[in-house]
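Biologist: Please take a close look at the empty space in this model and tell me what surrounds it, going on from there to the neighbouring aromatic side chains and to any unusual backbone.

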Amino acid sequence: MKRRGLLLAYYDAMAEALGPSRWWPGDTPFEIALGAILTQNTAWSNVEKAIANIRAAGLLGARALRDLPVAELEELIRPAGFFRIKAARLRNFLDFLEDACDLNLERLRDADTLALRGSLLRVSGIGPETADSILLYALGHPTFVVDAYTRRILHRHMIVPEDVGYDELRDVFMDALLPDTALFNEFHALIVRTGKTWCAKKEGKCRTCPLSRFLEPQAP
């Protein structure tokens with residue numbers, strides 16, 4: 001089976017088993033981007049607490065957070081962990097937004113994807129996964145997000161080596177699939193949901209996984 005057909009077959013199997021994902025949670029593009037930065041190295045439940053603090057303080061906007069003293073920002077996002085590091089990263093991102101779009105993230109929706117991705121990657125504290133999450137989920141750009149679950153699943157299915165780099169792994173999808181924001185959004189969400197349920201780091205639950213039919217040989 002050619003790569004494109006195989007990936008779409010994986011997508012169909014996961015979608016049939018799990019149903020719609022409706023990712024990424026957030027009421028505005030800025031809230032989604034904020035979550036993409038805060039979720040680094042922490043559980044989403046902790047991010048929700050941090051965002052709830054910001055919302056309760058009436059500061060859930062780029063300009064409001066940009067004007068907030070850093071010590072107050074740190075306290076609001078404390079539940080997300082590494083709060084001093086993440087506050088600095090958020091300030092770097094806000095500085096970028098101030099220069100790029102006068103703190104109006106929506107203005108970047110029509111920017112060139114490759115150029116904007118490069119600009120985001122130059123912001124200290126924003127790596128490839130965070131940049132792609134902001135591009136895809138907040139701004140609707142057709143870029144594929146990959147993560148540890150993507151690497152683990154594709155490695156166990158002998159599609160990529162275990163030590164595959166981020167960009168090489170991302171290219172597995174970008175090179176095989178047509179640029180489709182809705183597809184990329186749902187595909188990544190399904191991979192994460194499948195990974196969390198069946199593909200644990202130490203040992204996968206391969207027998208009941210919706211992707212078990214693609215394993216060769218079949219899981220015992």
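Modeller: Helices are DSSP runs of H or I with at least four residues, and strands are runs of E with at least two, numbered from the N terminus. The model is predicted, so local features need pLDDT of at least 70 and side-chain atom pairs pLDDT 80 or more, while totals for chains, interfaces and linings use all residues. Residues are numbered from 1 along each chain as its sequence is written, and side-chain values use heavy atoms, with hydrogens and water left out.

I begin with the open space. On a 1 Å grid over the protein atoms alone, a pocket is an open set of points with protein on both sides within 12 Å along at least five of seven lines, a cavity is a set where a 1.4 Å probe fits but cannot get out, and lining residues have an atom within 4 Å of a point. Points are joined across faces, edges and corners, and a volume is the space filled by probe spheres set on them. The largest pocket holds about 650 Å³ of space, and among the 20 residues that line this pocket, Trp-24, Thr-39, Thr-42, Glu-129 and Asp-147 are the closest to its centre. Helix 8 (128-138), helix 9 and helix 11 each contribute at least two residues to that lining. By class the lining of the largest pocket is mixed, with 9 nonpolar, 7 polar and 4 charged residues; here Ala, Val, Leu, Ile, Met, Phe, Trp, Tyr, Cys and Pro are nonpolar, Asp, Glu, Lys and Arg are charged, and the others, Gly among them, are polar.

Trp-24, one of the residues closest to the centre of the largest pocket, also marks a backbone feature. This residue sits in the loop between helix 1 and helix 2 (29-38), and the peptide bond that leads into Trp-24 from Trp-23 is cis, with omega near -10 degrees.

The second largest pocket, with about 180 Å³ of space, has a lining made up of Ala-148, Arg-151, Arg-152, His-155, Arg-156, Glu-162 and Lys-201. Of these residues, 5 are charged, 1 is polar and 1 is nonpolar.

Enclosed space comes next. The count comes to 1 cavity of 30 Å³ or more, and the volume of the largest cavity is about 30 Å³. Around this cavity stand Leu-7, Tyr-10, Met-14, Ile-153, Leu-154, Phe-173, Phe-187, Ile-191 and Leu-211, and the lining contains 9 nonpolar residues, no polar and no charged ones. Helix 1 (3-18), helix 9 (148-156) and helix 11 (181-198) each give at least two residues to the lining of the largest cavity, with the largest share, 3 residues, coming from helix 1. Helix 11, which also contributes to the lining of the largest pocket, is mostly covered, with 13 of its 18 residues buried; buried stands for under 20% relative accessible area, exposed for over 50%, and partly exposed for values in between (1.4 Å probe, protein chains only).

Several residues of the cavity wall are aromatic, including Tyr-10, Phe-173 and Phe-187. Rings of Phe, Tyr and Trp (its six-membered ring) pair if their centres lie within 6.5 Å, with planes under 30 degrees apart stacked, over 60 edge-to-face and the rest tilted. A search of the whole structure finds 11 such pairs. In one of them, the ring centres of Tyr-10 and Phe-214 are 4.4 Å apart and the planes stand at 35 degrees, so this pair is tilted. The pair joins distant parts of the chain, since Tyr-10 belongs to helix 1 and Phe-214 to the segment after helix 11, 204 residues apart. Both Tyr-10 and Phe-214 are buried. Phe-173 and Phe-187 make an edge-to-face pair, with 5.4 Å from centre to centre and 85 degrees between the planes; Phe-173 lies in helix 10 (residues 166-176) and Phe-187 in helix 11, 14 residues apart. Phe-173 counts as buried because its relative accessibility is 0%, and Phe-187 counts as buried at 1%. These two rings belong to one aromatic cluster together with Tyr-11, Phe-144 and Phe-184.

Two further backbone positions deserve a note. Asp-102, in the loop between helix 6 and helix 7 (113-121), has a positive phi near 55 degrees although the residue is not glycine, and at 41% relative accessibility Asp-102 is partly exposed. Met-158, in the loop between helix 9 and helix 10, likewise has a positive phi, about 60 degrees, without being a glycine; with a relative accessible area of 62%, Met-158 is exposed.
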